[in-house]
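Please walk me through this model, starting with its sheet and going on to the helices and the aromatic side chains.

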Amino acid sequence: MALTKNQKRLRIKSRIRKVVSGTEARPRLAVFRSNKEIYAQVVDDVSGKTVAAASSRDKDIASTKGTKTEIAALVGKAVAEKAIKAGIDTISFDRGGYQYHGRVKSLAEGAREGGLKF
């Protein structure tokens, strides 16, 4: 039985999550990429709380024109800005089973530009 693309991604994601975990001092920046949108949230896994979140559906980002890669960079900057407001500057990056390429890479670089350290 062949695995679907999503099942393969979920297997990779569970392998990543065995290693990458968010603490209060160093939360996890989790990325979800759909065909149209991209979402990012900073999560403290110890308390199970989302510290900051941003997505391409946010009003200020959704109104901008550009490629999906350019919008992903804006989402990275937005989540970095919100995380820094919440007092977080160091995170661990969780690519969510996606390749570190294209939109996921653009989001990570945008978060770095926004002032987060990985």
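The paragraphs below take the sheet, then the helices, then the aromatic rings.

The coordinates are those of a predicted model, and a convenient place to begin is its open sheet of four strands, which has the order 3-2-1-4 and mixed pairing. Strand 3 (49–55) and strand 4 stand at the edges, each with a single partner strand, so one side of each is left without a neighbour in the sheet. From one strand to the next the twist averages 20°. As general background, strands of a sheet pair through backbone hydrogen bonds, either parallel or antiparallel.

The antiparallel part of the sheet can be followed along the chain. Strand 1 and strand 2 run antiparallel and are joined by six bridges, one of which can be located by Val31, whose bridge partner in strand 2 is Ala40. The connection between strand 1 and strand 2 is a hairpin through four residues. Strand 2 and strand 3 are likewise antiparallel, with six bridges between them, and Tyr39 has Ser55 as its bridge partner in strand 3. Here too there is a hairpin with four residues between the strands, and Gly48 in the turn has a positive phi of about 70°. Strand 2 is mostly covered, since five of its seven residues are buried.

The parallel part of the sheet lies between strand 1 (residues 28–33) and strand 4, which are joined by three bridges. Ser92, which belongs to strand 4, is the bridge partner of Arg28. Although strand 4 stands at an edge of the sheet, Ser92 counts as buried because its relative accessibility is 12%, under the 20% that sets the limit. Leaving aside residues up to four places away in sequence, Ser92 touches Val20, Ser21, Arg26, Pro27, Arg28 and Leu29.

Two helices can now be placed against these strands. Helix 4 lies across strand 1, strand 2 (38–44) and strand 4, running at about 145° to strand 1. Helix 3 (residues 68–85) has 18 residues, which at 1.5 Å a residue should span 26 Å, and its end C-alpha atoms are 26 Å apart, in agreement with that value. The buried residues of helix 3 include Ile71, Ala72, Val75, Val79 and Ala83. In general, an α-helix has 3.6 residues a turn, so residues three or four places apart point the same way. The cover over the buried residues of helix 3 includes strand 1, strand 2, strand 3, helix 2 (59–62) and helix 4. After helix 3 comes Gly87, with a positive phi near 90°.

The aromatic side chains complete the picture, with four aromatic pairs found in a search of the whole structure. Phe32 and Tyr39 form a tilted pair, at 6.0 Å centre to centre and with 35° between the planes. Phe32 is partly exposed, with a relative accessible area of 39%, and Tyr39 is also partly exposed, at 28%. Phe93 and Phe118 form a stacked pair, at 5.3 Å centre to centre and with 20° between the planes. This pair links distant parts of the chain, with Phe93 in strand 4 (residues 92–94) and Phe118 in the segment after helix 4 (103–113), 25 residues apart. Phe93 counts as buried at 17% relative accessibility, whereas Phe118 counts as partly exposed at 30%. Arg112 lies over the face of Phe118, at 4.2 Å from the ring centre. Elsewhere, Phe32, Tyr39 and Tyr98 form one aromatic cluster.

Key. Residues are numbered from 1 along each chain as its sequence is written. This is a predicted model: local features need pLDDT of at least 70, side-chain atom pairs count only at pLDDT 80 or more; totals for chains, interfaces and linings use all residues. Side-chain values use heavy atoms; hydrogens and water are left out. Rings of Phe, Tyr and Trp (its six-membered ring) pair if their centres lie within 6.5 Å; planes under 30 degrees apart count as stacked, over 60 as edge-to-face and the rest as tilted. Buried means under 20% relative accessible area, exposed over 50%, partly exposed in between (1.4 Å probe, protein chains only). Helices (H or I, at least four residues) and strands (E, at least two) are DSSP runs, numbered from the N terminus. A charge sits over a ring if NZ of Lys or CZ of Arg is within 6 Å of the ring centre and within 35 degrees of the ring normal. Contact means heavy atoms within 4.5 Å. Two strands pair if DSSP finds at least two bridges between them. Axes are lines fitted to C-alpha atoms, for helices over the stretch in contact, and angles run from 0 to 180 degrees between N-to-C directions. The expected span of a helix is 1.5 Å times one less than its number of residues.
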